Amino acid sequence: MGRVKEATTLDLFITETQATQGDVSGTEVETRRQGAGLLFAADGGEAWDATALGGPTVRCYLGDNEDRWYMWYHGRRSGGTHPEELSSGNIGVATSTDGVTWKRGSGAVETVRGSGETSLGKGTDVGTVITTNEDWWTFDTCHLGVSDVQILSNSNMRASGGVYWMFYYGGDFAETEVTVGNDTAKVEGLCTRVGLALSQDGVNWARIEGDHHSGALLDIGSEGEWDSMSMAAPQVITHRPGDMRMYYHGTSSITQPTSIGICTSEDGFRWKRTGKQVLEAGAPGSFDASGLSNPNVVRLTTSEGGGYRMFYEALDEDGVRSIGAATSKDGLSWKKVDGPVFSPSEEDGAWDSKGVGSPCLVPMAEGKYRLYYAGASSADSAFTGIGLARTSGSDAFSFDRWSPKTE
C-alpha cells in the first residue's frame, strides 16, 4: 500500500488526529467553478465522467510525509441504455492532498510499474478502476455505482496489512416493464444488486463472486417484498466483531417510494437478508415523501455520545432532492431529524440549484464534519457535479457550502 498506513477498523473515516486541515478556506481550486460548494463537474467531451457523476466516497489516509485524500465515485458519458436520470456508469478514483483540489482522469487508470509502489500511494493515479462486467450472466453488465470503500483486516485472507474493500451496486440489461399513467415501456438497468470487490492498492480491483448466481452478494427481495426490484448504495458498519450491518436502499417498483433497509453478516462475504426497512418515506407533503436513498452512516465516538447518525438523499413529491438525517443508539431503530439538513442552492443557475444527494460525511478535528455531496442544476436529471460543505458551528445537522477565499 505504499506509504499509506494500515487501518483496521471497518468504519474507516478520517479520525480527529488525521484531520490536519480542518479549515480549507483560501485553498485554490484547479477545476471550473459554478457557485459555492463545487469541487468538480461533468463538462462534456470524451472523458468517462463527461455527462454525469455522483456517489462521492471520500477517505483520507495518513502518509509518512502528508495526508492523502481519495475519492471513489461513479460517472458516465452520454448514451447507454439505462435511465438518463442515473449518474451510475463506471467507477473511478480521484486524488487530493487537501480534500478540496482534486486530480481526476479522463480514461482508464494506470499504475507505476517497476517502482514497487502504486501511484495511488503517491496520489497521481486517477481514472476508471472498475468498468461494467463483460460476463453476460453477471448482475453488473449495464452500469455500476460505488457507495463504500474501506480498509479492513480479515483473518480469512492472507495480507501483510489491511485490504481495500469496495461495496458497490450494479444493474444488468434485463428489461423491467414500467407503467406510468397510460404509458408503458421496458427499461434496462432498473434491477440492481450489490457486490464486493477487493484491492491491495485501491487501484487494481478484483470482483468477489457472491452467493447469488449473478455474482452479487445476495439477491433482491422475493415478489411482494419491499425491495423486490432493486437493492443499491450499500454501506457497511461493524457494530461489534462478528456483527456487520449493510445499509442500502431499495424498492419494489419505479412507482413506489424507495426505503432504507439492512442486511447482516459475520464476515463481510456472506450476507443475510432481514427484510426490514429501518427508514421509510415520510408523510405526504414532507421533504422525503417520495423516498429515501443513498444512506451514509457515521458511528459516533464516545465523546460525541456514541450511537449513530445517518444522512440520506430525500425526494419530495415535486422531484426535489435534498439531504435528510436520522439518529440511532443501536443502528437498528432510527429517529428522523425534522426537515432537510442540506437543501439545493437558492442561487439562480447554481450547479446544485435543483437537487443535492449522495451524502458522504468525513469526521474532522474538534467534532467538525465535511459533507461531500452530488448536485444537479436541472430537475429530474442525473447529478452533474460533486461539492463540499462543512458543519456550521456546533450544530451537527447544519452545513455551509465551502467557498474559496476571495483574492
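Histidine 249 has isoleucine 260 of strand 15 as its bridge partner, and glycine 250 is matched in strand 15 with serine 259. These partners belong to the antiparallel pairing of strand 14 with strand 15 (residues 259-265), which extends over seven bridges. Strands here are DSSP runs of E with at least two residues, numbered from the N terminus, and two of them pair if DSSP finds at least two bridges between them. The model is a predicted one, in which local features need pLDDT of at least 70, side-chain atom pairs count only at pLDDT 80 or more, and totals for chains, interfaces and linings use all residues. Residues are numbered from 1 along each chain as its sequence is written, and side-chain values use heavy atoms, with hydrogens and water left out.

On its other pairing, strand 14 meets strand 13 in the antiparallel sense over eight bridges. Here arginine 240 has aspartate 243 of strand 14 as its bridge partner. The hairpin of strand 13 and strand 14 has two residues between the strands, and glycine 242 adopts a positive phi near 85° in it. Together these pairings form part of an open sheet of four strands, with the order 13-14-15-16 and antiparallel pairing. Strand 13 and strand 16 stand at its edges with a single partner strand each, so one side of each is left without a neighbour in the sheet. On average, neighbouring strands of this sheet are turned by 30° against each other, direction ignored; the axes behind this angle are lines fitted to C-alpha atoms, for helices over the stretch in contact, and angles run from 0 to 180 degrees between N-to-C directions.

How much of strand 14 is buried? Nine of its nine residues are, so strand 14 is largely enclosed by the rest of the structure. Buried means under 20% relative accessible area, exposed means over 50%, and partly exposed lies in between (1.4 Å probe, protein chains only). In a regular strand the side chains alternate between the two faces of the sheet. In strand 14, one side carries Asp243, Arg245, Tyr247, His249 and Thr251, the other Met244, Met246, Tyr248 and Gly250, and all are buried.

Strand 14 also takes part in the largest nonpolar core, as described next. This core has 23 residues, and those with the most contacts inside it are Trp165, Phe167, Leu217, Met246 and Trp271. Strand 8 (163-171), strand 11 (192-199), strand 13 and strand 14 (243-251) each supply at least two residues of the core. A nonpolar core is a set of buried Ala, Val, Leu, Ile, Met, Phe, Trp, Tyr and Cys residues joined through side-chain atoms within 4.5 Å. In soluble globular proteins, nonpolar side chains tend to be buried together.

Strand 8 and strand 11 also belong to an open sheet of four strands, with the order 7-8-11-12 and antiparallel pairing. Its edge strands, strand 7 (143-152) and strand 12 (205-208), each pair on one side only. From one strand to the next, the twist averages 30°. Strand 7 and strand 8 run antiparallel and are joined by nine bridges, with isoleucine 151 opposite tyrosine 164 of strand 8.

Backbone geometry singles out two further residues. Alanine 233, in strand 13 (residues 230-240), has a positive phi of about 55° although it is not a glycine. Glutamate 366, in the loop between strand 21 (355-363) and strand 22 (369-376), has a positive phi near 60° and is likewise a residue other than glycine. Their surroundings can be set side by side: alanine 233 is buried, with a relative accessible area of 1%, whereas glutamate 366 is exposed, with a relative accessible area of 73%.

A loop residue, aspartate 288, lies between strand 16 (271-279) and strand 17 (291-299) and is buried, with a relative accessible area of 2%. Its side chain makes a polar contact of 3.0 Å with the side chain of tyrosine 312. A polar contact is a pair of N or O atoms within 3.5 Å; within protein, one must be able to donate a hydrogen and the other to accept it, and residues adjacent in sequence count only if both atoms are side-chain atoms. Not counting residues up to four places away in sequence, aspartate 288 touches Ala281, Gly282, Tyr312, Ala314, Leu315 and Lys336, where contact means heavy atoms within 4.5 Å.
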